[in-house]
Amino acid sequence: ITPDAIGMGRAGIYGEITPAGVNAVFSTVAALGAGAMSFEDNFYDLGSGLGKMVLQACLVTDVSRAIGVELDKGRHDLAAAAHQRFQAVQEEDASRVGFVQGDIRDVALWANATVVYASSLCFPVALMLEFTVLLASTLQPGTILFSLVA
């Protein structure tokens, strides 16, 4: 747990989805009838941690934008550093990637999403309730949302 995460309670706990799990999420998007993620899509990982899923989205799909939103400064900084390393080898692709240190309750950060992933296993109940209302009032019809439950 990073120093910034200590005050977050359960929401500060960090876990990762495996690369195979990410591919399963992306395959499910296609299976839902939306087709493979394309240049028309904006992928957002809300609670993006180290940014691995965002970078994988850029590498294996044709999304217009792949954006990670992370509250914890330490994890955000590591994701930003990974993005810089990615830019050094994939400059054109890296321009489609972005990382924001911010609160997922700030809907302006992700209002244009067409595909959203939220690793919400450790979100407190109050946050999940608030987040659910924000999702319902912000996302456009047809947006695909993946969220985890315990």
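1. A salt bridge, as the term is used here, is a side-chain nitrogen of Lys or Arg within 4 Å of a carboxyl oxygen of Asp or Glu. By this rule, the count for the structure above comes to 6 salt bridges. Please keep in mind as you read that this is a predicted model.

2. Let's begin with a pair inside one helix. K73 and D77 join their side chains in a salt bridge, with 2.6 Å from N to O. Why are these two separated by about one helical turn? Both belong to helix α3 (residues 73–89), and because they are 4 residues apart there, about one helical turn separates them. K73 has a relative accessibility of 39%, so it counts as partly exposed. D77 is also partly exposed, at 35% relative accessibility.

3. Now try a pair that reaches across the chain. The side chains of R105 and E130 meet in a salt bridge at 3.5 Å, N to O. This pair links distant parts of the chain: R105 is in the loop between β3 and β4, E130 is in helix α5, and their positions lie 25 residues apart in the count. Are R105 and E130 buried or exposed? Neither word fits: R105 is partly exposed at 37% relative accessibility, and E130 is partly exposed with a relative accessible area of 37%.

4. Some charged side chains sit inside the protein. R75 forms a salt bridge with D72, and their closest N and O atoms are 4.0 Å apart. R75 counts as buried because its relative accessibility is 6%, and buried means under 20%. D72 is buried too, with a relative accessible area of 0%. A network of salt bridges links E70, D72 and R75, so you may like to look at these three together.5. Turn next to the aromatic rings. How many aromatic pairs does a search of the whole structure find? The search finds 3. In one of them, F26 and F43 are arranged edge-to-face, at 5.6 Å centre to centre and with 90° between the planes. This pair links distant parts of the chain, with F26 in helix α1 (residues 19–34) and F43 in strand β1 (residues 42–46), 17 residues apart. Both F26 and F43 are buried.

6. W110 and F131 form another edge-to-face aromatic pair, with 6.2 Å centre to centre and 75° between the planes. W110 lies in the loop between β3 and β4 (115–118) and F131 in helix α5 (residues 125–138), so this pair ties together parts that are 21 residues apart in sequence. W110 is buried, with a relative accessible area of 0%. F131 counts as buried as well, at 1% relative accessibility. W110, F123 and F131 form one aromatic cluster.

7. Finally, have a look at V97. Which strand does V97 lie in? V97 belongs to strand β3, which covers residues 97–101. V97 is buried, because its relative accessible area is 5%. Leaving aside neighbours within four places in sequence, V97 is in contact with several residues, including V54, L55, C58 and I67. H83 is also among these contacts. V97 and H83 are 14 residues apart in sequence and 7.6 Å apart in space, C-alpha to C-alpha.

Methods: Residues are numbered from 1 along each chain as its sequence is written. This is a predicted model: local features need pLDDT of at least 70, side-chain atom pairs count only at pLDDT 80 or more; totals for chains, interfaces and linings use all residues. Side-chain values use heavy atoms; hydrogens and water are left out. Buried means under 20% relative accessible area, exposed over 50%, partly exposed in between (1.4 Å probe, protein chains only). Contact means heavy atoms within 4.5 Å. Rings of Phe, Tyr and Trp (its six-membered ring) pair if their centres lie within 6.5 Å; planes under 30 degrees apart count as stacked, over 60 as edge-to-face and the rest as tilted.
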